[in-house]
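Let's go through this one together, one feature at a time. Have the sequence and the 3D view open as we talk.

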Amino acid sequence: MAYLLAAYAITAVVLVGYALRIRAARAALLRSTQQRS
Amino acid sequence: MSTVPASEARSQPKASGGGWRAAVRAPGPAVTRAVLAKDLLLDFRTRDRLGHMAVFALLVVALLSIVVPASRTERLAWSPALLWVVLLFTSLLGLARSFQSETEGGALALLVQAPVDRGWVFLGKAGANAVALIGVELWTGVLFSVFLDVDWSGAWRAALVAGLLGALGLAALGTLLSAMSVAVRFREFLLPVLLFPLVLPVLVLASSITGAALAERPVPALWWGVFALYDWVFVSLGYLVFDYVLED
Amino acid sequence: MVSALVTLSVLLAAGWVVWLSRDVEARVGSASTVGAAALALLALWLGLVIGYAPIEQVQGIVQKIFYVHIPAIIPMYLGFVLTAVGGVGFLRTRRESWDQLAASGAEVGVVFCSLMLVVGPIWAKPVWGHWWVWDLRLTSTLVLWFIYVAYLFLRGLAFGSDAAKTFTSVYGILGTAAIPFVYFAVDLAQGSTMHPSNPAREGLPAEMGRTVGAGMIAFVGVFAWLVARRMELAALEARSLEARAQRGT
């Protein structure tokens, strides 16, 4: 049962984490281009 | 074609400059022959690359013979795989230097400007590498029979053909990847990292065929077919793609 | 029926992603629709896993890892396909958007590939007693992972040089071309396999088939959405670099 939950939890964490990383990078990029202009 | 490259070529060491002047003016297959001839000549005259590969193979096989369990059945079971792993690492040595003469002699620029379909150059280079690899394979085969008691008498024909196909596959991918890693940092790391996963089928096919031959079992035609297909795919891809690789 | 739906969703997703890559910044609005659809599909899938899929007799409830492990296979392959398509596109047209497609496909693909390599052992341990088994599927996934990683290393180390995009395009094509041979080789090397025999061949009970199918479609949606976001990021980065170069900073 623990294995089952671990498998699903890890999947969720990895995919959500990756999505958040993209979002954070995008936000940082937009902020820095705004600062320059 | 301006005269400048030609004059640069004249001031370069003959090994790289002379061959290229001939190659640059010739049509397709003649380019391949010229490149092949030049590289083979270089290999056999200087004996650098071949010598280093031979010594390296000797060292590794000797090491293995000391370390590997002495039981004959175990050695027989592992020999095909070990043989090809040794060949893989030895080939790295040679492949990394595929373009050494061109980069040192400055002929790389000449090469890039050549008004020929550069795929022919690839065929020549890969051909030269394949020949060098076959030489190393023969040498390693001898080493294995001397150090590890491998008896090639029944298996040498199949092993030889497998060796040919393997050399072709290794040379095709190795030459292509070597050309790409010439311009990149950490190439001693990058070349094996790029090469090994792609070349796994060569290892498996060659060692399976060799193993079956040594154990006097028949080699399925399917194995030969897939091996030949693999070589054809990557030689063709190399030929098609080399143009782009050399542009940069 | 299920496999037809899965195939359709794969083709739609791939088509959408490639269409999107032709003009990312203008077309990225459609990503929110895809994202919402993916979310809905995920909810459906989870519901099916919890309430609808039966508890398997031999393995018990742990068998339900099947529904999160198998769906990850398609995105893993799609990543390679996009990398190869992007590679060919870039070599022929030299337009950066193709390279961005390739890079995004590789990055998201390696995420799903790594996920498979982690979830696989989590399933293997309770069922077979070992964390790692050298069977056909796990081994080939590992080699595929090495190819992905090699591609990403090449991208990272060559970055900045003119040749970088050409080289990675070439390697993407080579890597994808090697996949069928890798499968053949691993199968040959293994002899016999320890992996659960492909249930699709021996006939999966309908409930399991539908649940895993839902998972596949959901994951394909997630994959497509992630690639879209990654491509948008790449396009933004490219534009910001360009702007910086023009300003001379």
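**Reading the contacts and helices**

Q: How many residues does each side put into the contact of chain A with chain C?
A: Two residues are in contact if their C-beta atoms, placed from the backbone, lie within 7 Å. Here, 17 residues come from chain A and 22 residues from chain C. On the side of chain A that touches chain C, 14 are nonpolar, two polar and one charged. For that split, Ala, Val, Leu, Ile, Met, Phe, Trp, Tyr, Cys and Pro count as nonpolar, Asp, Glu, Lys and Arg as charged, and the others, Gly among them, as polar.

Q: Before we go on, what kind of model is this?
A: This is a predicted model, where local features need pLDDT of at least 70, side-chain atom pairs count only at pLDDT 80 or more, and totals for chains, interfaces and linings use all residues. Residues are numbered from 1 along each chain as its sequence is written, while chains are lettered from A and ligands numbered from 1 in the order in which they are written.

Q: What about chain C and chain B: which helix of chain C gives the most to that contact?
A: Helices (H or I, at least four residues) and strands (E, at least two) are DSSP runs, numbered from the N terminus. In this contact, 27 residues of chain C meet 24 residues of chain B. Both α7 (136–158) and α8 (164–190) of chain C supply at least two residues each to the side that touches chain B, and α8(C) gives the most, with 15 residues. That side of chain C has 23 nonpolar residues, three polar and one charged.

Q: How many helices and strands are there in chain C?
A: Chain C has 10 helices and zero strands. For overall size, look at the radius of gyration, taken over C-alpha atoms, and the globule rule, 2.2 Å times the number of residues to the power 0.38. Chain C comes out at 19 Å, close to the 18 Å that the rule gives for 249 residues, so it is as compact as a globular protein of that length.

Q: How do I read the packing of α5(C) and α10(C), and at what angle do they pack?
A: Axes are lines fitted to C-alpha atoms, for helices over the stretch in contact, and angles run from 0 to 180 degrees between N-to-C directions. Helix α5 (residues 73–93) and helix α10 (residues 206–247) of chain C pack at about 40 degrees, their axes 9 Å apart. From α5(C), C:Ile74, C:Pro75, C:Leu78 and C:Leu82 meet C:Met216, C:Phe219, C:Val220, C:Phe223 and C:Val227 of α10(C). The residues of this contact are nine nonpolar, no polar and no charged.

Q: Which residues of α3(C) are buried?
A: A residue is buried if 20 or more other C-beta atoms lie within 10 Å of its own, exposed if 12 or fewer, and partly exposed in between, with C-beta atoms placed from the backbone. In α3(C), C:Ala31, C:Ala38, C:Leu41, C:Trp45, C:Leu48 and C:Val49 are buried, and the buried residues pack against α4 (66–69) and α10 of chain C.

Q: And what is odd about the phi of B:Phe186?
A: B:Phe186 has a positive phi of about 55 degrees although it is not a glycine. B:Phe186 sits in the loop between α9 and α10 (187–214) of chain B and is exposed, with 11 other C-beta atoms within 10 Å.
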